[in-house]
Amino acid sequence: MIKKCHKQDEFVARIEGALNVRMGRVTCKIVDGDGMAEVMSKAGWSKNQARGVVGFQVDDEVYVLDSAPWTVLHELVHRAGINADRMSRWVAEGLTEAIACELKRSSDEHKATYPQEVKWVRETLLPRLGMSAVELGRRLANAPNPARVLAELMAAAKPGTDVSALEYQLRPQAGGKPSFNRTYVTRLGGSGVDRAPSEGIGWLLMVAGVLLVGPSFLRRL
Ligand SMILES: [Zn+2]
């Protein structure tokens, strides 16, 4: 019998209810560091990139590091449709984190990652859209084209925005580059932390973010 991930069934039921999605049969595999490097290398990532990764979602599969059960909820939100195969990694990671924060019920269920992304989602995007993370997640998880839906929502909040240009900036990653979750890792002999990777908020997305903040912010640039 395959050991299930931490609270896997409970999380799936909670996410399905909150985002109004059907996730079907979910496979969540617990792996060690070598196992993580192996599944990631099969998906095109290097060993170096696998370092510090605690959770990984590729297509329908979810992998979680044995020492990081707290990332299961995050990975299952990706699996429900909020992921970089469907929208910009920046938005996908920030929104996934924001949704996980709203859905968590105890400290074993979540640890914060992607601080910049989640800050933008919670402090800029969601207030301007007048939505909670779960509400936006429900719209995007069920959308055939989440980038378009989000571009339209942002444009409605800020009339005059070029929806097509914004949709392009919110587009998903190219194929073969799956979502993963990286924790902060303190490197031996170094003082810094390994930053969560975000493949660039595109120039226009940054502009859109600024636009969403409003004119008073623009003047300070
Ligand atoms: Zn993630």
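The following dialogue discusses how to read strand pairing, helix packing and confidence in this predicted model.

Reader: How much confidence does the protein carry on average, and what share of the residues score at least 70?

Author: pLDDT expresses the predictor's confidence in each residue. Here the protein averages 81, and 77% of the residues reach at least 70.

Reader: Where does pLDDT stay under 50?

Author: One such stretch is residues 184-204, for which the model has 25 contacts beyond four places in sequence. Another is residues 213-221, with three contacts of that kind.

Reader: Turning to the strands, which strands pair with β3, and in which sense, parallel or antiparallel?

Author: Strands count as paired if DSSP finds at least two bridges between them. Strand β1 (residues 27-31) pairs with β3 in the parallel sense, over five bridges. Strand β2 (residues 53-58) runs antiparallel to β3, and four bridges join the two.

Reader: Which residues stand opposite each other in these pairings?

Author: On the β1 side, isoleucine 30 faces valine 64 of β3. On the β2 side, valine 58 has glutamate 61 of β3 as its bridge partner.

Reader: What links β2 to β3?

Author: The two strands form a hairpin with two residues between them. In the turn, aspartate 59 has a positive phi of about 50°.

Reader: Is strand β3 mostly covered or mostly uncovered?

Author: As a general idea, the side chains of a regular strand alternate between the two faces of the sheet. In the present case, β3 (residues 61-65) is mostly covered, with four of its five residues buried.

Reader: How should the packing of α1 and α4 be read, from what angle and what axis separation?

Author: An angle that falls outside the parallel, antiparallel and perpendicular ranges counts as oblique. Helix α1 (residues 8-19) and helix α4 (residues 72-79) pack at about 45°, with their axes 10 Å apart; the two are therefore oblique to each other. The crossing of α1 past α4 is right-handed.

Reader: Which residues meet where α1 and α4 pack?

Author: From α1 come Gln8, Phe11, Val12 and Ile15, which meet Val72, Leu73, Leu76 and Val77 in α4.

Reader: What arrangement do α5 and α6 adopt?

Author: Angles of 65 to 115 degrees count as roughly perpendicular. The axes of helix α5 (residues 89-103) and helix α6 (residues 115-129) cross at roughly 75° and come within 8 Å, so these helices are roughly perpendicular to each other. Among the α5 residues that meet α6 are Trp90, Leu95 and Ala98, and the α6 residues include Val118, Trp120 and Val121.

Methods. Residues are numbered from 1 along each chain as its sequence is written. This is a predicted model: local features need pLDDT of at least 70, side-chain atom pairs count only at pLDDT 80 or more; totals for chains, interfaces and linings use all residues. A residue is buried if 20 or more other C-beta atoms lie within 10 Å of its own, exposed if 12 or fewer, and partly exposed in between; C-beta atoms are placed from the backbone. pLDDT is the predictor's confidence in each residue, from 0 to 100. Two residues are in contact if their C-beta atoms, placed from the backbone, lie within 7 Å. Axes are lines fitted to C-alpha atoms, for helices over the stretch in contact, and angles run from 0 to 180 degrees between N-to-C directions. Angles under 35 degrees count as roughly parallel, over 145 as roughly antiparallel, 65 to 115 as roughly perpendicular and the rest as oblique. A crossing is left-handed if the near helix is turned anticlockwise from the far one by less than a right angle, and right-handed if clockwise.
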